[in-house]
Amino acid sequence: MDIPPLAGKVAVLSLGALPLSYALNHVSALSYPLGVVWMSALILGLLFLAIYSLSRSDIYYDPLFAVFAVFSFTSVVDLLIALEEDGYMESFMAFYTKEGEPYLRTAHGVFICYWDGTVHYLLYLAMAGAIRKRKRYRNLALYWLGSFVMSILVFLPGNILGKYNSEIRPSFFLTIPYLLVPCWAGLRVFNQTQAPSCCTPNMVEEEQRKGLLRRPVDLALIIYLIFAAFFTLFRGLVVLDCPMDACFVYIYQYEPYLRDPVAYPKVQMLVNMFYVLPFYGLAIYALIFPGCSWLPDWTLVFAGAIGQAQFSHMGASMHLRTPFTYRVPEDAWASFFVCNLLYALGPHLLAYRCLWSPAFFLRPLPGPPAHHEKQH
């Protein structure tokens, strides 16, 4: 997969968030929730007009260019929020976390801001650069789509169900576009044509004839997916207050963060159980039976989703913003870190395997038969 060049204009425009945030932090009108809402909406509107005037041809070529450019700006804002909440800077975004979205001050909020300000930011620049150069970016977009949707699926319900539900401000309604944009972007991304495969009909036929024992990488991935599925189901039962002794021991001695009243970890485990667990079952099926051409795309989506989820969950489990009683105990750090890191790494290895050698998952291609018997 080629990595497209980063979009220079978009990067420069997004970095304008630094002086703008610093200036707005000293505007007294923004000490009120409605002032934050109107100013945020005004800035986003002016930002879109600036992008449209500077890159009209790119937007006509692919409207997602405007989405990536605007979101790159908000990614810089999120990074400023995370850095300020962790004490690395000050006087930039205090007005927004106080009157706009106070739940961003939670450990989970801080880490989704870190992820958005780094991983998403680089993806936005890369995808915008690909559009400017008229190159493909479908794989990057699928990874971003999974990561973005997972963040929304956990963060928004967590805000409503957790202990910060009384802190919801009018700025919460600015997230409505964040619910609509992934749907529209996802349809556009999935409708993009896939990169042409270099696999010949003979290569596809030969690869799909191999049994599972002749594909040790796939066998190892299946074993991993089985263990990951049980781990996903187990943690889902834990947050559902399963009375089993194993669940009781786990939630108190290994991951007490699952009891945190902010509700983000509970929602995360339930999202994993209802969405990630079925995908693991389907992936096992696709690794056994050939021709499941849907798997390479969806492995990228779920790799992005689980990468974002595990980064936020692991970071929040040990962050100082999490009360001490809900943090991972020191004697459980090693087991917690290894299990959760493997849980995050496996889907990425599965996605890499599907992109590296896709022949097993391709539908049989039309072509001449591999062998002709001599006629007498």
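# A tour of the helices, core and rings

Select residues 219-240. The chain here is 95% helix and 0% strand, and its end C-alpha atoms are 32 Å apart. Keep in mind that this is a predicted model.

Now select residues 140-162. This span is 96% helix and 0% strand. Its end C-alpha atoms lie 32 Å apart. An unreviewed UniProt entry lists both 140-162 and 219-240 under "transmembrane region". The other listed stretches are 33-52, 64-83, 103-128, 168-187 and 269-288. Colour them if you like.

**The core**

Next, go to the largest nonpolar core, which has 104 residues. Which members touch the most other members? Show Phe68, Met127, Trp144 and Tyr280 to see them. Then select helix α7, residues 107-132. This helix gives the core its largest share, 16 residues.

Zoom in on Trp144. Leaving aside residues up to four places away in sequence, Trp144 touches Phe68, Phe71, His120, Leu123, Tyr124, Met127 and Ala185. Two of these, Phe68 and Met127, were on the list of core members you just displayed.

**The rings**

Show the aromatic side chains. The structure holds 28 aromatic pairs. Pick out Phe231 and Tyr343. Their ring centres are 5.7 Å apart, with 70° between the planes, and the pair is edge-to-face. This pair links distant parts of the chain. Phe231 sits in helix α11 (residues 216-239), while Tyr343 sits in helix α15 (residues 333-356). They are 112 residues apart.

Are these two rings buried or exposed? Phe231 is buried, at 17% relative accessible area. Tyr343 is buried too, at 3%.

For another pair, select Phe248 and Tyr252. The ring centres are 4.7 Å apart and the planes meet at 40°, so this pair is tilted. Both residues lie in helix α12 (residues 245-253). They are four residues apart, about one turn of the helix. Phe248 is exposed, with 52% relative accessibility. Tyr252 is partly exposed, at 44%.

Widen the view to an aromatic cluster. Select Phe190, Phe231, Phe234, Tyr250, Tyr254, Phe279, Tyr280, Trp298, Phe302 and Tyr343; together they form one cluster. Phe231 and Tyr343 from the edge-to-face pair are among them.

**Arginines over rings**

Stay at Tyr343 and add Arg235. Arg235 lies over the face of Tyr343, 5.3 Å from the ring centre. Then jump to Arg215. Arg215 lies over the face of Phe360, 3.9 Å from the ring centre.

**A buried glutamine**

Select Gln310, in helix α14 (residues 295-318). Buried or exposed? Gln310 is buried, at 1% relative accessibility. What does Gln310 touch? Not counting residues up to four places away in sequence, its contacts are Arg235, Gly315, Asn340, Tyr343 and Ala344. Arg235 and Tyr343 appear here again.

**The cysteines**

Finish with the cysteines. How many disulfides are there in the whole structure? A search finds zero. Show Cys242 and Cys247. The closest cysteine sulfur to that of Cys242 is in Cys247, 3.8 Å away. That is too far for a bond, because a disulfide needs the two sulfur atoms within 2.5 Å. Last, select Cys183. Cys183 is exposed, with a relative accessible area of 51%.

Technical notes: Residues numbered from 1 in each chain as written. Predicted model: local features only at pLDDT ≥ 70, side-chain atom pairs only at ≥ 80, totals over all residues. Heavy atoms only, no water. UniProt positions renumbered as here; feature names shortened; annotations may be inferred. Helix = DSSP H or I, 4+ residues; strand = E, 2+ residues; numbered from the N terminus. Core = buried A, V, L, I, M, F, W, Y, C linked by side-chain atoms within 4.5 Å. Buried < 20%, exposed > 50% of the residue type's maximum accessible area, 1.4 Å probe, protein only. Contact = heavy atoms within 4.5 Å. Phe/Tyr/Trp six-rings, centres within 6.5 Å; stacked < 30°, edge-to-face > 60°. Lys NZ or Arg CZ within 6 Å of the ring centre and 35° of its normal.
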